[in-house]
Amino acid sequence: RVLSCGLKDFCAHGATPGDPPFAAGPAGADKRVPKIASVVGILGHLASRHAGSIKQELLRMFHESLGSGREQHKATVPFLLQLALMSPALLGTVSAELVDSLKPPVLNQLHQHFSALPRDELEHVVGVVVHLISQTSAGAFRILQFLVGTAMP
């Protein structure tokens with residue numbers, strides 16, 4: 001419920017795939033999407049007892065959003081990126097499983113999901129992803145193996 005409420009609020013404040021909400025990092029996010037800081041705080045509090053459920057829901061939201069054209073689903077990946085920027089703990093919770101799920105069909109869905117973005121906005125999203133990868137300590141070796149393996153023909 002917390003994630004769903006946060007995503008709805010994120011969408012209500014003009015977050016669209018063509019309008020990345022994470023330009024200024026966490027400080028800018030608080031002004032732009034008022035409830036996202038609360039969502040991060042609540043999830044951080046719940047993580048001690050419900051980490052598995054939170055991880056499962058984050059991954060479900062990610063995969064469900066890729067196969068859908070609904071406006072709310074188009075904003076899910078930017079919403080999840082913003083959560084990861086604001087909470088390294090949430091990033092660490094899902095990074096290993098997310099990397100394992102990035103098989104060619106999912107990568108193709110991601111490509112289709114972001115192919116409509118203008119080049120500068122796409123580069124910004126890539127910059128955010130690179131920043132998140134550099135902030136990930138748990139599973140860093142696995143992420144590097146994935147990147148090298150995916151980049152090789």
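Helices here are DSSP runs of H or I with at least four residues, numbered from the N terminus. One such run is α8 (residues 119-135), and V130 sits in it.

This is a predicted model, so to speak: local features need pLDDT of at least 70, side-chain atom pairs count only at pLDDT 80 or more, and totals for chains, interfaces and linings use all residues. Residues are numbered from 1 along each chain, and side-chain values use heavy atoms, without hydrogens or water.

V130 also joins L122 and V126 in a nonpolar surface patch of about 230 Å² (nonpolar side chains joined within 5 Å, each residue with over 30% relative accessible area and no salt bridge; areas are Shrake-Rupley with a 1.4 Å probe).

Now for α3 (residues 36-66) and α7 (residues 104-114): their axes come within 9 Å and cross at roughly 65° (lines fitted to C-alpha atoms over the stretch in contact, angles running from 0 to 180 degrees between N-to-C directions). F62, H63, S65 and L66 of α3 meet V106, Q109, L110 and H113 of α7, with contact meaning heavy atoms within 4.5 Å.

Helix α3 also holds K55, whose salt-bridge partner E97 lies in α6 (residues 88-101), so the pair ties together parts 42 residues apart in sequence. Their closest N and O atoms are 3.2 Å apart (the cut-off is 4 Å, from a Lys or Arg side-chain nitrogen to an Asp or Glu carboxyl oxygen).

Technical notes. Helix = DSSP H or I, 4+ residues; strand = E, 2+ residues; numbered from the N terminus. Patch = residues over 30% accessible without salt bridge, like charges linked within 9 Å, V, L, I, M, F, W, Y side chains within 5 Å.
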